[in-house]
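Let's take a walk through this structure together, going from the places where chains meet to what lies inside them. Keep the 3D view open as you read.

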Amino acid sequence: MKKTLQQILIWLAVVWCLAPFAWQIITSLKTNAEIAHIPTIYAPVHPTWGHYQELFSRKPFARYLWNSFLISSVSTVVCVLVSAMAAYSFSRLKVRGARGLQVGLISISFFPTIIFFFPLYELVRRTGMANNPIALIVPYITFNLPFATLILTAFFRTISLDIEEAAKVDGFNRWQILMKIIMPLSAPALATTAILIFIFCWNEFLLALTFMTRDSAKTVTAGVASLSGGSIYEIPWGAIAAAVVVSTLPLIGLVVVFQKRIIQGLTAGATKG
Amino acid sequence: MRFRTWDSRFWMGLLLLFAASLVGCEKRAESTEGVVVLNVLMEPDTTGIWRKLFAEFHERNPGIQIHHVEGPTATDAREDLYTTSFLSGESAYDLVYADVVWIPKFAAAGWLEDLTDRWSPSEWDRFISGSIEGSKYRGRIYRVPTQIDGAVLFYRKDLLAKAGERPPATFDDLAQISQKLQHPPQLWGFVWQGKQYEGLACDFLEVLIGYGGFWINPDTDQVGLDQPAGVAALTFLTDCVQKWKISPPGVTTYAEEQSRQLFQSGRAIFLRNWPYVWPLSQREESPIKGKVGLAPMPKSDDGRPASTLGGYGFAIAKSSHHQDAAWKFCEFISALPQIRRINQATAIQPALKSFYENSPDPVQQAIYRVLQTTVPRPPVPQYAQASDILQRYVSAALTGRLTPKQAMRGAASETRLLLRRTRTSKGRDSHAFPMAQLR
Amino acid sequence: MRTPAHNKKMRLEDQAFGYLMLWPAAIFVLVVAVYPVLRILWLSFFTQNLGTGLHPQFSGTLNYVRLLKDGHYWQTMMTTTVFTFIAVSTELLLGLWFALLLNEKFHGRSFARTATLIPWALPTAVLALAWAWIFNDQSGVFNDLMMRLGLLSRPVAWLGSGPTAMFSVIFADVWKTTPFMMIILLAGLQNIPEDLYEAVQIDGARAWNSFRLITLPMLMPSIMLALLFRTIQSFGIFDLIFVMTGGGPGGATETVAIYNYRTFLRYLDFGYGAAMIVVTFLITSGICLLIYWPLSRTRGARALATERAVEKSEAM
C-alpha cells in the first residue's frame, strides 16, 4: 500500500517535470487551426512538420544552432583547460596568493550576471567586439571557472602522489605530468565538468541577447526568445513551440546520456563549496 | 605513445574550434561583388510589398541592395534592438525604419545623420506637417517620413444602425452605446490596447487630450497628468474594464493585433486602432466586411478629439559607410508611386500630401480628416522613460492596483523628477518644438 | 632517492610553475570580474545619460540620492523580494519532497532521475516562452486543464493581471529550479550514514520521528547551502520574467534586474544604473548574511544530532 502510493507520487513528479516540454512537442506538431481550437486538442489529428520548416526558412535557425554550438564548445574546452591548470596549482603546489584567487573565484559564482553586464558591454563596445563570438566566449569561460576549478581541485586531490613521483623519475616535467598523466587520469571529472559548462553556456541569455545584435551572430537561446510576436497576423505559437523543441534537443540528449555524471558534478560542486 | 596521440589530437581539435570561431565572425555582408548592401530592421514583411520594392530599387540601382532583417512586431522591442545595436558601436544597420518617438532619443544620442540640407524646404513641404514635426530634434530633420498614423475609432455600422445610434461623439456616448448593445463574452463593447507597452501611452494620450488635459509641455517642462483632466481620462479607461465592463478583462494584455482579432471576428462593437485595420476588415473572408465605419476618437465637453501621431520613416545611421546610397533609397521610397503601392498593399497611410489631394476614395478622405486631429507625443529625449512611467501607472490603475487619482499623482511626480534632474545640466533649445504639445 | 638540494630546487620550480598555472585564470578573473566591479563603483558617482549627451559628468552621490527617492526602484525591490521568498521556499519544500522520493530504491529510478533533471538543463529564456504559451488566456493549456478539473469556471488571463502574472512566473520558476534543490538535497541525504536510522528504528521511532530527529538536522547544512545559492540567484532573476511578461502587467512582475537592464539599455542612464547595481548588491549581501548566520550554527546542530544518535545506539 505504502509502496503503491510512493510509486504514484514518483510518477506524478516525473509527469510534472516532463509535461511542459511534452506540451511544446505536441503544439509544434499541430496545425494552426488545431492550436487555436477551443477546447484544447491534446492529440494532433493531422500532425505536421510545417512549423519546423517555417522556422528554418524564416530565421537563420541553423546559424543560431551553429553559433551556440561553437561558442559553447570553445568556452567549454578553454574553461576546462584553464581551470585544470589552476586546479593543479591549487591542489599540488603551495603558491602564495593562490588563496586570494580561490576566494575571488568563489565570490564570482555568487554574483548575478547583471553586475558584470554593463562594464563588459562597454568593453565590448570599445574593442569593437560586438557580434564576435569571443565577446561571449571570454565571459563564459570566466563565469564557469569557479565551478570548474572547484570540482577539478577536489578530484586532483584524490589522485595518488606516487604516480607523479614515478613520472618525475622518468624525466617528465611538471607540464608533462599535468597534460599526460593527471589529465588523462581525470577524464571522468573533466567530462563531468565539461558537460555542465556546456549546458551553462548554451543557456546563458543576458549577454547573448545584448552582445550579439546581428541575426547571423545570435545564439539559439537569444534567437528563440526574440522570436515571439514575429508575425503581424498571429502570434505564431506553433513556430515558437518548434523553436523551443529544436533549441533544447541537444540539451535533452546530454541529460539522457550523462544523467549520472551531471548529478555527480552538481553535487560535487555544491558539497565541496 | 598513447599519451602523445591524445595530446596532439587535443591541440588539433582546439585549434580547429578556434579557427571555426573566427570563420563564424565574418563581417556583415557589406558588399558582394561590388554591390553595396544596406541593412534595415523592420517588422516581418507579411504582404511581400517590401520585398518587391527592394527588388525594384535594386533593379534601378544595380549597385545597391536592401537587406531586410525581420524584427518583432512590438515597436519598443524593435527600438531596443536598434538601441543595443547602435550602442554596441558595431551597428548592424544602415537604415533605420524609425517610429516618431525614437527620433529625439536617437538624435540626442548622436546615432542619426542630419538630413535637413539634403532637400530644400519646399521639398520637405511635400509631407504632412505633423510627420515632419515628428522627424525633428532641436530644429533639425533626421527622418524622411513615409507613413503617418493616427488612431481611428472603428465601429460596427450594422449594429449601430439597427439600434438607431450614431457614432459616439463623446466618451459618455461610447460607454452608453456599448452597455446597451453588448452581450459579453460573445459581443464586447469597446476594445483597445491596454497592455503595458507604448500603445497604452498612445491610447491614454488620446483620452487625455479628449478630456482637455496635457502630458508634458516641452517648452515649459510642465507635467499635466495629475490635473483633473488626467484623472478623468484614466477613470474613463479604468471604468471601461472594471465598472461598465464594456472591455474584456484581457484588454489589459492586448496590443493592436489582439484587439483587432477580437473586433474582426465580430466580437466587439468599437475598436480603437490604426488605419491598417480598414483593409483587413474588408477582406472577402472577414465576417465584418461592409459592416465597419470610421470616426475620429470621441471627446468630452472640455476637450477635443485627438488621435496620437504615429508613423514610420527612414533615417540614416551615422555609422553607416554608405550614406549616399541610403539617401538614394530614401528618395526612392518616399516618391508617390512607391508610396501608393505601399498603401495598396498594407493600408499604411502615406505622409505625402499629394496622395490625399488626388484620392477619390471617400475612406481615404475620412482617414485624412482623422489625421488632421493628430497630436504628437512629448518630443523629449527621455520620452522612453516618461512613457514607461505613464504606462506603468496607467496599467496599475487598469488592473486595479491603484486608483486613477493615485496613479496620476504617482506618474506626475515621477515624471517631474525625471525632467528636473536631466534638464539642469544643459540649456534647452526652446525653438525645437514650436507646435509640439499644445496645438 | 631525493637529495635535499634536489628537493629544494624542485620546490622553487614548483612555486614558479604554480604561478604560471594560475595566470590564465587570474587574467580572466581580473578582466571579466574585478574590472567590472571597480568600474561600476566608479561610474556610480557620475551622471552619464541622454541629458548629458551620454558624456560622463561627475555628480557625487546624486545617483544614490535619486535612487532613494525612486519609487519604481523600491517597487521592483519589493517585487523581487516577494518573488524570491515565495519561489525559493516552495522550491525548497518541493525539492525536499522529490529528494526523499528519489532517494528510495525503486524500479525505473534512473529514468525518474533523468526526467527530473530536464527542467534544470533547459534554457530558462526559451522555456519562458513555453510557459507563456501554457498560460495563454485564449488557447493556453493551463486554463483548459483547470477547467476540466473543475477548478476554474472560465478562462483566466493569467499574464493579464498582477497577482495571476506573479503566480504564473513563480509557478514557472518553481518548475525550473526545483531539480537543482533536489540534487543538492539528494546529495545531502546520501551522506547520512545508514546506521543512524538503524539506531532510531531499533528505538521504535516511526517514520516521522526519524525524519525529524535525523534526516532534517543532518540535512540542515545542505538546505542552508541550497537556500543561500537560490536566494542570490533569485534576486538576480532576469531571463524568465523578461521573456514571459517583460515585467508587466503594470510592472507587477518587474524585478530589480529587469529595471536595471532597462536603465542601461533603454533609458541609457548609465551612471544611475551603476548606482542601482551597487545598492542592489549591498541589499542582497545583507540578506545572504541573514541566511549564512544560521548556516554557521547548523554545523553544531548536525554534530549534536550525530552525537545523540550514537549515544542511543550505544545505550542499546
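**Where the chains meet, and what lies inside**

In this predicted model, 30 residues of chain B are in contact with 25 residues of chain C. If you look at the side of chain B that touches chain C, the elements giving two or more residues to it are helices H3 (75-87), H4 (102-108), H17 (383-398) and H18 (404-423) of chain B. H18(B) gives the most, with six residues. By class, this side of chain B has eight nonpolar, 13 polar and nine charged residues.

Now turn to the other face-to-face meeting of chain C, with chain A. Here 67 residues of chain C are in contact with 75 residues of chain A. The largest share of the chain C side, 18 residues, comes from helix H1 (residues 4-43) of chain C. What classes of residue does chain C bring to the side that touches chain A? They divide into 50 nonpolar, eleven polar and six charged.

Next, step into chain B and find strand E12 (residues 268-273). This strand is mostly covered, with six of its six residues buried. Strand E8 (residues 152-156) of chain B runs antiparallel to E12(B), and four bridges join them. Strand E9 (residues 188-191) of chain B pairs with E12(B) in the parallel sense, over three bridges. A handy residue to click on is B:Leu271 in E12(B): B:Phe154 has it as bridge partner, and B:Val191 stands opposite it.

Staying in chain B, go to helix H13 (residues 323-333). Its buried residues include B:Ala325, B:Ala326, B:Phe329, B:Cys330 and B:Ile333. Why do these residues lie on the same side of H13(B)? They cover an arc of only 150° around the axis, which puts them on the same side of the helix. It helps to recall that an α-helix has 3.6 residues a turn, so residues three or four places apart point the same way.

Finally, let's look at the largest nonpolar core, which has 307 residues. Those touching the most other members are B:Leu95, B:Val191, B:Phe204, B:Tyr393, C:Ala128 and C:Leu129. You have already met B:Val191, opposite B:Leu271 in E12(B). Which helix gives the most to this core? That is helix H13 (residues 237-272) of chain A, with 16 residues. Domain 1 (21-58 + 227-273) and domain 2 (68-217) of chain A both give residues to the core, so it lies between them. As background, nonpolar side chains tend to be buried together in soluble globular proteins.

Key:
Residues numbered from 1 in each chain as written. Chains lettered and ligands numbered in written order. Predicted model: local features only at pLDDT ≥ 70, side-chain atom pairs only at ≥ 80, totals over all residues. Contact = placed C-beta atoms within 7 Å. Nonpolar A, V, L, I, M, F, W, Y, C, P; charged D, E, K, R; others polar. Buried ≥ 20, exposed ≤ 12 C-beta atoms within 10 Å, placed from the backbone. Pairing = 2+ DSSP bridges. Arc of directions from axis to C-beta. Core = buried A, V, L, I, M, F, W, Y, C linked by C-beta atoms within 7 Å. Domains from an automatic or database assignment.
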